[in-house]
Amino acid sequence: MDYYKLVLPEHLNHYGNLFGGNLLKWIDEFSYITANLEFPGHQFLTIALDNVIFRHAVSNGEILKFSVTCHHLGKTSVQYSVKVFGTRDDQQHDLILFETKITFVSVDHEGKKQPIQPN
Ligand SMILES: CC(=O)SCCNC(=O)CCNC(=O)[C@H](O)C(C)(C)COP(=O)(O)OP(=O)(O)OC[C@H]1O[C@@H](n2cnc3c(N)ncnc32)[C@H](O)[C@@H]1OP(=O)(O)O
């Protein structure tokens, strides 16, 4: 699934670029939404976020595209691959600004892990 976010002044660090923590928050939020839509009736907790390396600064006013795809479905966990692209510069639509994998675990009402029931 694809999601979009407009980078506004309130999202910037003191150098005037996107604060990395905001990017991680959006990745958590969008992939959490994807897990809930793809596996309705489950409750998920984030257990892991892999490979956090910021290689590209993101400018104010950028419209970011978050591409979220299922990478691995386990017994109690589902892992998503998340790639982030800029959309403002026509020449750089294919440039991956940031990528990671994020894993969620299905839990019951007491927070204990439980198997994911695929659709
Ligand atoms: C949406 C949010 O932001 S939620 C807020 C932040 N998250 C939290 O507060 C969660 C706190 N953590 C917990 O409560 C517990 O760790 C639980 C209930 C999620 C998991 O229980 P644990 O006993 O720690 O899990 P366990 O080690 O057995 O692993 C469970 C699954 O996660 C997978 N897993 C564990 N560690 C990792 C990791 N580092 N990377 C990827 N997958 C992992 C395991 O492979 C397993 O998957 P499988 O059943 O599909 O094979």
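In this predicted model, Lys65 has a relative accessibility of 24%, so it counts as partly exposed; to be called buried, a residue must be under 20%. The side chain of Lys65 meets that of Asp2 in a salt bridge, with 4.0 Å from N to O. The two partners come from distant parts of the chain: Lys65 sits in strand β3 (residues 63-73), while Asp2 belongs to strand β1 (residues 2-6), 63 residues apart. Asp2, at 42% relative accessibility, is likewise partly exposed. Lys65 has a further contact to look at, as it lies over the face of Phe85, 5.7 Å from the ring centre.

In total, the structure contains two salt bridges. Besides the pair just described, Lys112 forms a salt bridge with Glu110, and here the closest N and O atoms are 3.3 Å apart. Both Lys112 and Glu110 are exposed.

Aromatic rings offer another set of contacts to explore. The model holds seven aromatic pairs. One of them joins Tyr3 and Phe30, whose ring centres are 4.8 Å apart and whose planes meet at 5°. Planes under 30 degrees apart count as stacked, and so this pair is a stacked one. Tyr3 lies in strand β1 and Phe30 in helix α1 (residues 20-38), so the contact ties together parts of the chain that are 27 residues apart in sequence. Both rings belong to buried residues: the relative accessible area is 13% for Tyr3 and 8% for Phe30.

Phe30 also pairs with Phe66, this time edge-to-face, with 4.9 Å from centre to centre and 70° between the planes. Because Phe30 is in helix α1 and Phe66 is in strand β3, this pair ties together parts that are 36 residues apart in sequence. Phe66 is buried, with a relative accessible area of 0%. Following these contacts on the structure leads to a group of rings: Tyr3, Trp26, Phe30 and Phe66 form one aromatic cluster.

Finally, the record can be set beside the model. An unreviewed UniProt entry carries the annotation "domain: HotDog ACOT-type" for residues 1-110. In the model, this span is 17% helix and 41% strand, and its end C-alpha atoms lie 29 Å apart.

Technical notes:
Residues are numbered from 1 along each chain as its sequence is written. This is a predicted model: local features need pLDDT of at least 70, side-chain atom pairs count only at pLDDT 80 or more; totals for chains, interfaces and linings use all residues. Side-chain values use heavy atoms; hydrogens and water are left out. UniProt positions are given in the numbering used here, feature names are shortened, and annotations may be inferred rather than shown by experiment. Helices (H or I, at least four residues) and strands (E, at least two) are DSSP runs, numbered from the N terminus. Buried means under 20% relative accessible area, exposed over 50%, partly exposed in between (1.4 Å probe, protein chains only). Rings of Phe, Tyr and Trp (its six-membered ring) pair if their centres lie within 6.5 Å; planes under 30 degrees apart count as stacked, over 60 as edge-to-face and the rest as tilted. A charge sits over a ring if NZ of Lys or CZ of Arg is within 6 Å of the ring centre and within 35 degrees of the ring normal.
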